[in-house]
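User: I would like to know what stands behind the terms used for this model. Please set each value against its definition.

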Amino acid sequence: MTAFARNQWYVAAYGREIGRELLGRTILGEPIAFYRSESDGAVVALHDRCVHRRYPLSAGRLDGDRVVCGYHGFTYDTTGTCVFVPGQKRVPRTARVASYPVVEQDSLVWVWIGDPKSADPTAIPRAPWLADPRWTTVGGMEPIDADYGLLVDNLMDLSHETYLHGGYIGTPEVAETPITTTVDEGAGVVRASRHMADAECPPFYARSTGIEGRITRWQDIEYHAPCLYLLHSRIAPVGVLPGPDGDDPDAFHVEITYAITPSTERSVYDFWAVSRDFAQDDEDVTTFLHDFNRTVVMQDVDALNLLQRALDTEPEGYQELSINIDTGGLAARRILARLVAEGATAAPDAARPAAPGAPGAPASVTG
Ligand code: FES
Ligand SMILES: [Fe+2]
């Protein structure tokens with residue numbers, strides 16, 4: 001299993017998913033209830049377990065900006081402080097649940113998993129096209145029953161497009177063309193590029209751009225460990241090159257964004273989005289790209305579900321055999337391992353109450 005990298009930002013949801021209904025998601029094993037405040041529209045994230053009998057708060061209801069537990073009515077404010085208990089006036093002092101730092105940016109809701117004092121919103125990587133009117137974006141989220149490391153592997157090595165997504169986005173040139181990989185250790189970013197000078201145009205691009213014939217196809221991956229994966233895709237008829245100043249008006253650009261958010265040891269949220277800078281108002285293209293890309297994503301989902309089930313039957317310490325195409329994926333694994341180690345040595349979460357019975361745990365809520 002790939003260990004979790006704590007003290008990091010993770011995408012919890014698209015902004016559009018969070019409103020005046022409680023949404024429960026489990027992130028790095030932590031159950032969290034999300035909702036949008038009525039007073040200022042900010043997203044609130046609270047530990048999704050009532051202090052009374054651990055009932056999920058996400059199964060309760062909102063009363064203005066407060067969450068009312070659906071079991072016996074303990075009521076919490078946006079900071080997680082319990083402000084009402086039934087049957088008595090005094091609210092026990094220790095009655096509170098953790099609240100998590102949240103930032104909404106680029107249409108994504110990011111949550112900080114770790115010591116809240118270390119949460120730095122400026123460290124969140126950007127995907128500006130997701131909320132830029134010059135781009136049209138389709139997207140979704142698919143849960144996968146697999147170790148999140150398998151999804152990182154999958155996205156870092158696109159040679160699988162030729163085999164797993166043949167007839168959709170894969171063509172022979174993807175697997176044939178070598179990649180160049182660079183690693184920015186300090187920033188925790190892996191870049192893997194594959195530039196195909198003369199390639200078949202797969203249906204994904206032929207039908208969305210209208211290009212007939214062969215293309216130059218550039219795939220430039222940027223993985224901002226642990227969560228955000230960007231694939232800058234440039235498509236143009238063969239012979240169309242970027243301008244001298246780096247401007248590139250005659251090419252078609254697609255920004256493919258993934259957020260890889262570990263849920264449990266054996267499940268991951270696969271957020272995906274496809275943004276384009278052409279045919280922005282063409283509803284047919286929008287529908288096509290949504291449905292087609294979701295089909296491609298589901299091919300990966302099915303493959304990773306299958307792979308995880310197969311790995312579960314392997315003896316411990318099973319061997320792998322890596323080749324050149326795995327350079328990006330191996331670099332990503334190294335950076336993740338470093339982030340895991342750094343996150344594990346950081347201070348414990350101040351906002352998380354200790355587990356009941358643990359040293360320093362609050363007395364049980366009575367009285
Ligand atoms: S479990 Fe929440 S009020 Fe009892
Ligand atoms: Fe894939």
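Analyst: The questions below go through domains, overall dimensions, one strand and one residue.

The model is predicted, with local features needing pLDDT of at least 70 and side-chain atom pairs counting only at pLDDT 80 or more, while totals for chains, interfaces and linings use all residues. Residues are numbered from 1 along each chain as its sequence is written, and chains are lettered from A and ligands numbered from 1 in the order in which they are written.

User: What makes 8-121 and 126-343 domains?

Analyst: The bounds of domain 1 (8-121) and domain 2 (126-343) come from an automatic or database domain assignment. Their centres, taken over C-alpha atoms, are 32 Å apart.

User: How many residues of each domain count as being in the contact?

Analyst: Domain 1 gives 13 residues and domain 2 gives 15; two residues are in contact if their C-beta atoms, placed from the backbone, lie within 7 Å. On the side of domain 1 that touches domain 2, β1 (8-14) and β2 (23-27) each give two or more residues, and β1 has the largest share, five residues. Strands are DSSP runs (E, at least two residues) and helices likewise (H or I, at least four), numbered from the N terminus. By that rule the chain has six helices and 17 strands.

User: Why is the radius of gyration said to agree with a compact globule?

Analyst: The rule, 2.2 Å times the number of residues to the power 0.38, is compared with a radius taken over C-alpha atoms. For 367 residues it gives a value near 21 Å, and the chain has 23 Å, so the two agree. The C-alpha trace spans about 75 × 50 × 35 Å along its principal axes.

User: Why is β1 called largely enclosed?

Analyst: A residue is buried if 20 or more other C-beta atoms lie within 10 Å of its own, exposed if 12 or fewer, and partly exposed in between, with C-beta atoms placed from the backbone. Six of the seven residues of β1 are buried, so the rest of the structure largely encloses the strand. Over the whole chain, 38% of the 367 residues are buried.

User: How do you know that β1 and β10 pair?

Analyst: Pairing needs at least two bridges found by DSSP. β1 and β10 (residues 108-113) have six, in the antiparallel sense, therefore they pair. Tyr-14 stands opposite Leu-108 in β10.

User: What makes Val-268 buried?

Analyst: Val-268 has 26 C-beta neighbours inside 10 Å and therefore counts as buried. Val-268 lies in β17 (residues 267-276). Leaving out residues up to four places away in sequence, Val-268 touches residues including Ile-144, Tyr-148 and Leu-151.
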